Amino acid sequence: MKNERMNRFFRTYRSELSMLLVFVIFYIVMSFASPAFNTKVNVLNVLSQMSVVAILAIGQTFVIVSGGIDLAVGMAVGLSGMLGAMYMSKTGNLLVGVLIVIGVACLIGFFNGFLVGYLRIAAFIATLGSQVICNSLTYVLSDGNSYSGFPRMLDTIGNHKFFGIRFYIIFMVLLYILMTWVMSSTKLGRFTYSIGSNSEAARLSGINTRKYTMLCYAVSGLMVGLAALVNMVRLMAVDPTTGGGLEMDSIAASVIGGVSMAGGKGTLPGTFVGILLYSFLRNALNLLGINPFWQGTVTGVVIIVAVLAESFASKRNK
Amino acid sequence: MGTNRQGVLVAENISKHFGGTQALSGVSFTLKAGEVHALMGENGAGKSTLGKILAGIHQPDGGEIYLDGQQIHVENPRAAKEKGISIVLQEFNLLPDLSVAENLIVGNDEYYKFGKRVLDKRKMYSHSKELLSLFKLGANLDVYEKVKDLTIAQMQILEILKAVDADSRIIILDEPTAALSGNEVDQLFEIVRRLQREKNIGFIIVSHKIEEIFAIADRVTVFRDGKQILDGVDLSTLTENDLVKSMVGREITNLYGSREFGTCKDNEEVLRAEHITDVHGRVKDVSLSLRKGEIVGLTGVVGAGRTELARCIFGIDHKKSGKVFIHGKEIPNVTIRHSIEAKIGFVPEDRKYDGLILNESIADNISQVLQNMQKSIVISKKKSVGEAERMKKELNIKMGSSYDSVNSLSGGNQQKVLLGKWMLTDPEILIIDEPTRGIDIASKSEIYTILNDLSRAGVTILMISSEQPEIIGMCDRILVMREGVLAGELSHEEVSEQRITALATIESGEKKNEE
């Protein structure tokens, strides 16, 4: 009985576990290669740097599993963050500022979800459109200026250290735990998989596929809001270029973690391992003193190899 | 090394396993020149596997294949084609956006000029037309038409023509009639006979449909669980019963079970549909009424609007006009969800694309409707597994763990999972589209028993089917559709295949004559 459970566990999480193994091996090798790598300072530093993308990758995983893609997340971080930053630096009101950030981000998510779920526009196109719109609005509203001078409470709460670990890092981990549960054990999560695998069959079971598709993008929007807040806590400033390129990082993290671009497959623990590998790899390249111009090449190769390995493994398993 | 068997294509002692299952264990097969040879067996018997081995799609673990007495190795479909062996699979290998002519010459260098870089359209069309006229198919296929606009039957004919054009001497047809209506089957067989006669092409037909095999094949080879049961036996020496017995391993005496027909005549009406017209004009002003505990058949030729009608009633497709009443009360806004709430179930025809989510677990599939209807947003795995186990017992589903994916099940068992998914909702009305398509006789018989039990328990069943024996054997009443309208109704006492066919086709036949 117990054995059977173990077997099933290994079968179900095969790609996640193999990626975890790769990460562990990489981590051990790097610990020997660079004395600065396996230190508390370095690890916390990497975790801190990856927190924004990690949170975005949660929403991205939802959307990709549902069979779509969300290209708007990066610029949405910029727009929602900018609005919140402008409000807060003017009024000093933290609570309303936070609500604005999350509200605007969710609104963008619902808008994307409406385009994809109800108006049936291809996700790539719809979210590409919103990406461009968000970026443009950010510049229009800020007039190209950057904003800082947020309420002190934001720093006090966000950067508060528990056992030496900053609050937003703990928040990121808790968010992963919560959303993993949402994805595996709630209607929204389960039906996201069903829609991504076979949306017609899901619809014929009575599932409101439009609604649930929209909700996936709304989840992504919520994550954008939270990521934008973490970003503000980390940098204590927002400028119009904030968020650029984060959508690609979040997609890369999901894909490395075993999320299938075809939809229907992937888990948040997998995505988390993906973002760990992605972030520690960049860190390692820095520590090893590799020319930063080469770093993109290395991470690109890792993404392609990860997808290749996954497709070979799943073919062999069939 | 040679073989003692006499024939064009000989396979000896072929074995093949997939993962843990032994699909074929030491089977043999002989195709004589220009014969039609049926390869039969239940689902999972290994008949398709052998067909695919002969065509180079699978590689055998052991055994030899001989062509004209010479041992050959078919490493891949291309090698098989070069040796004159072609296969027409259930999933066609056609390019939907290209025309019939373009599909015919795909991969053939001869039709390119200027250093084989530019397509010679004139040559392509003249050759295609010639090929069509050779088999008097000009009326059936238009060389300029795009393949995506063809009917399934036409695509099948095109696939066969492609094989003929590649100078195949042996053509393997994998379940060729699975998606064809009666007329189309006759047409297909006519072409097979003509090719057999005029070009001496040998056919291997992989099938489990007994009547059809008697209509077309000369000899039959039967497998059961990967083992050889019959080896090239002359069909004239066999009866249908012999064949069923050899495929199933036991005699099935009463396929449709014992049902007392017409006992529900005075029961209360549970569903009434009035003047249903769909958006695309495939259903025109159809009304019907179902009584408690009845099994009502809905039949007609493919394209008559049966499935479309059912989809409108259940709320899958929007209707243009019409009303649906449950227990005399109108459903104001017919959506899938409202229909489920009104205790209607809908088992779709295509279990792989519409019915089930193949890569998800049996438990998740079987409880999907219930999960969606539950109030709580939290899904209990334990509950889903319990429901799967209950249905496993009730429907005799052969499966390992309920966490396994539906993909791992055979067609018959997938169908039971699909049926179970809707039985779990305790429906009062079950609409079931082609309940036994593509499944073996043993599973068929079980599904008929389940349907009979359900109806005895008071469930009303609307059964859509193209298989007339099944409609006749199961239904209290039969509704026949023709070109979107209800052409007539037959009671169990009145019904016969001739009468169904007459209702389903006569008017359209007359129309054609007038033209």
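How many positive and negative side chains does chain B have, and how far apart do the centres of the two sets lie?

**Solution.** Chain B has 65 positive and 76 negative side chains. The centres of these two sets lie 3 Å apart. Lys and Arg count as positive, Asp and Glu as negative; His and the chain ends are left out. Each charge is placed at NZ of Lys, CZ of Arg, CG of Asp or CD of Glu.

**Ground rules.** The model is predicted: local features need pLDDT of at least 70, side-chain atom pairs need pLDDT 80 or more, and totals for chains, interfaces and linings use all residues. Residues are numbered from 1 along each chain as its sequence is written, chains are lettered from A and ligands numbered from 1 in the order in which they are written, and side-chain values use heavy atoms, without hydrogens and water.

**Exercise 1. Repeat the charge count for chain A.**

Step 1. Chain A carries 22 positive and 10 negative charges.
Step 2. Their mean positions are 10 Å apart.

**Exercise 2. Describe the overall build of chain B.**

Step 1. Take the elements. Chain B has 18 helices and 22 strands. These are DSSP runs numbered from the N terminus: helices are H or I with at least four residues, strands are E with at least two.
Step 2. Test the radius of gyration. Chain B gives 25 Å, close to the 24 Å of the globule rule for 515 residues, so it is as compact as a globular protein of that length. The radius is taken over C-alpha atoms, and the rule is 2.2 Å times the number of residues to the power 0.38.
Step 3. Take the box. Along the principal axes, the C-alpha atoms of chain B fill roughly 70 × 55 × 50 Å.
Step 4. Take burial. Of the 515 residues, 53% count as buried. Buried means under 20% relative accessible area, exposed over 50%, and partly exposed in between, with a 1.4 Å probe and protein chains only.
Step 5. Take contacts (heavy atoms within 4.5 Å). Among those in chain B between residues at least 6 apart in sequence, 67% join residues at least 24 apart.
Step 6. Take the surface. The accessible area of chain B is about 22700 Å², and carbon and sulfur atoms hold 48% of this. The method is Shrake-Rupley with a 1.4 Å probe; for residues, only the protein chains shown count as cover.

**Exercise 3. Do the same for chain A.**

Step 1. Chain A has 13 helices and 4 strands.
Step 2. Its radius of gyration is 20 Å, in agreement with the value near 20 Å for a compact globule of 318 residues.
Step 3. The C-alpha trace of chain A spans about 60 × 55 × 40 Å along its principal axes.
Step 4. Buried residues make up 52% of the chain.
Step 5. For contacts between residues at least 6 apart in sequence, 78% join residues at least 24 apart.
Step 6. Chain A exposes about 14500 Å², with 68% supplied by carbon and sulfur atoms.

**Exercise 4. Place B:R259 and list its partners.**

Step 1. B:R259 sits in the loop between α8 (240–248) and β13 (269–278) of chain B.
Step 2. It is buried, at 14% relative accessible area.
Step 3. Look for polar contacts: N or O pairs within 3.5 Å; within protein, one atom must be able to donate a hydrogen and the other to accept it, and residues adjacent in sequence count only if both atoms are side-chain atoms. The side chains of B:R259 and B:S455 are joined at 2.6 Å. Those of B:R259 and B:D476 are joined at 2.5 Å.
Step 4. Beyond neighbours within four places in sequence, the residues in contact with B:R259 include B:G293, B:E294 and B:M474.

**Exercise 5. Is helix α9 of chain B enclosed or open?**

Step 1. Helix α9(B) covers residues 306–314, and 8 of its 9 residues are buried, so it is largely enclosed by the rest of the structure.
Step 2. Among the buried ones are B:R306, B:L309 and B:F314.
Step 3. B:G315 follows α9(B), with a positive phi near 95°.

**Exercise 6. Which residues does A:A202 contact?**

Step 1. A:A202 lies in helix α9 (residues 187–204) of chain A.
Step 2. At 0% relative accessibility, A:A202 is buried.
Step 3. Setting aside neighbours within four places in sequence, A:A202 contacts A:S194, A:I195, A:I207, A:T209 and B:I357.

**Exercise 7. Locate A:M236 and B:E483 and give their phi values.**

Step 1. Most residues other than glycine have a negative phi.
Step 2. A:M236 has a positive phi near 55°. It sits in the loop between α10 (209–235) and β4 (237–238) of chain A.
Step 3. B:E483 has a positive phi of about 45°. Its loop runs between β21 (477–482) and β22 (485–491) of chain B.
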